[in-house]
Amino acid sequence: MTDAGLATEKLPADPAEVAPERDLMSKFDALIAERQALIDTGVTDPFAIVMERVTSPTEAVIAGRDTILLGTYNYMGMTFDPDVIAAGHAALDQFGSGTNGSRMLNGTFRDHIEVEDALRDFYGMTGAIVFSTGYMANLGMISTLAGKGEYVILDADSHASIYDGCKQGNAEIVRFRHNDVADLDKRLGRLPKEAGKLVILEGVYSMLGDIAPLAEMVAVAKKHGAMVLSDEAHSMGFFGPHGRGVYEDQGCDVDFVVGTFSKSVGTVGGFCVSNHPKFEAIRLACRPYIFTASLPPSVVATAAASIRKLMTADKKRAQLWDNARKLHGGLKALGFRLGTENPDSAIIAIILDDQEQAVTMWQALLDGGLYVNMARPPATPAGTFLLRCSLCAEHTPAQIDTVLAMFEASGRAVGVIG
Ligand code: PMP
C-alpha cells in the first residue's frame, strides 16, 4: 500500500456513518441520584467515613471526634497486639514491602509458608492455601471445585463472594431457603445422583448475626453424597473448643473451610483449609490464586503471629462472649428488635422500620461518638434496614455501658423505642 493510500484511509469517516457514543456510565444515574438524595438530607455519607487516627482496636478519631468502634469485625482485637505488630515490622525490614508476583512464580516468601503452617496447626488439618483476600478465597475455591455438569447448592443469604464464586465457575447453581434444612434436603434430592455436588454454608451469617444449623445440614449433604464448604469468616477464634468455627462448635466434619484474615486475625487475606489428600492440586488450577500477586511479607507475617496467638486466646474468647451477652441483653432490655433472640454470635443487628429511621439513628450515634454499620436492601435479608454492631474482645464493660446509653438516647429521640 502506498503512502497516498494510507492517507486516504485515515480520512475522518462520514459523520452520518458514525454511531453515537453510548455512555456506559449512564446506567449509574439512578444510583448517583439515590446517594445524592441521602447526602442532601444532611447525613454524613456512610460510604465516606475516614478513620483519621486509630488509637486502639476499639477507638478511632472520625471527623475530629473520639469514636468507639462497634462495627469493625475486629473480634479478637488483634490489630494492636504487640507481637503481631513486631512480626510485621521484622518482615518489612527483612523482606521489603511487597512480593511483586504470584504465588506460582516469584511470590512465595518464607512467611507465606509460615502462615499456611500456622493455619494447618490452628485447624488440625493437612492442607492450607492462602489467597489475597477472603473474597478471592471463595471466588477461587467455588469456581475451581465445581465445574461443568456439577452443582453448587448455596444458602439464599450467602455472602456476595460466594455468589460471585458461583458466577465465575461453570457449575449449575441451586439455592435453598436460608438455614432451612428441609429445603436443602428437598433440593439435593432433585439433583442427579451421580453428579458432583458442593454445598456451601456459612457458620455465622453476617447481616443478622444468626448461626447455621451446620450439624443437621452437613448430615443432609452427606446423605446426598455432596461435599461441604463452610465459610467461617465470622466465627474464627471464638466458636468451638479450638476457636475453629461453628462447624467445630457443632461437632461436624466439613470438607473445606474458608476464612479470612480481615476479621479475627486482624490483617488482610483469605484462606481455605482441608484434609483432602489432593487439596494441593487447587494451586495448579485456581485462577484467583494463580493470576494475582501474593500478599506482602508483612501481612503474612502478622497473620501467622496472630493465628498462633489465637490458638491460646481463651481469655479473649471469654471476654468477647461476655461482651456479646452484655450488649445483646442491654439492647433487648431497652426494647430494640434484634436480629437474633439470643446472643448467638459477636454480631448484633438492630432491625429498624425504614431507611429514615436507620439513617437518623446512625447519624445520631456517629455524632455522639459511636460507629456502627448501617445496612439496607439489597445487602440485607427480607428487605430489612439494620444497624449492625460487632463486638471486640477488647471492648471494656464501661464502653458497653456507654454504648447502651447512646442507643437508649438515640432510640428514644428517633422513636424506635418508647
Ligand atoms: N465471607 C464472608 C461471610 C464475609 O462476611 C466476608 C467479608 N465481609 C468475606 C467472605 C470476604 O472476606 P475479605 O474481607 O477477606 O475479602
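Just after helix H13 comes Gly 335, a residue whose phi is positive, near 100°. The structure described here is a predicted model, and its protein chain contains 15 helices and 16 strands. The radius of gyration of the chain is 24 Å, close to the 22 Å that the globule rule gives for 418 residues, so the chain is as compact as a globular protein of that length.

**Helix H13**

- Helix H13 covers residues 314-334, which makes 21 residues, and from its first C-alpha to its last it reaches 30 Å, close to the 30 Å expected at 1.5 Å a residue.
- Several residues of H13 are buried, among them Leu 320, Trp 321, Leu 327, Leu 331 and Leu 334, and the buried set also includes the charged residues Lys 316 and Arg 317.
- The buried residues of H13 pack against two helices, H12 (297-310) and H15 (397-414), and against two strands, S13 (347-352) and S16 (385-390).

**The chain as a whole**

- Taken along the principal axes, the box filled by the C-alpha atoms of the protein chain is roughly 85 × 55 × 55 Å.
- Of the 418 residues in the chain, 52% count as buried.
- When contacts between residues at least 6 apart in sequence are considered, 69% of them join residues at least 24 apart.

**Surface and charge**

- The accessible surface of the protein chain comes to about 19300 Å², and carbon and sulfur atoms account for 55% of that surface.
- The chain carries 37 positive and 51 negative charges, and the mean positions of these two groups lie 5 Å apart.

Technical notes. Residues numbered from 1 in each chain as written. Predicted model: local features only at pLDDT ≥ 70, side-chain atom pairs only at ≥ 80, totals over all residues. Heavy atoms only, no water. Helix = DSSP H or I, 4+ residues; strand = E, 2+ residues; numbered from the N terminus. Rg over C-alpha atoms; globule rule 2.2 N^0.38 Å. Buried < 20%, exposed > 50% of the residue type's maximum accessible area, 1.4 Å probe, protein only. Contact = heavy atoms within 4.5 Å. Areas by Shrake-Rupley, 256 points an atom, 1.4 Å probe, with all protein chains shown as cover. Charge placed at Lys NZ, Arg CZ, Asp CG, Glu CD. Expected span 1.5 Å × (residues − 1).
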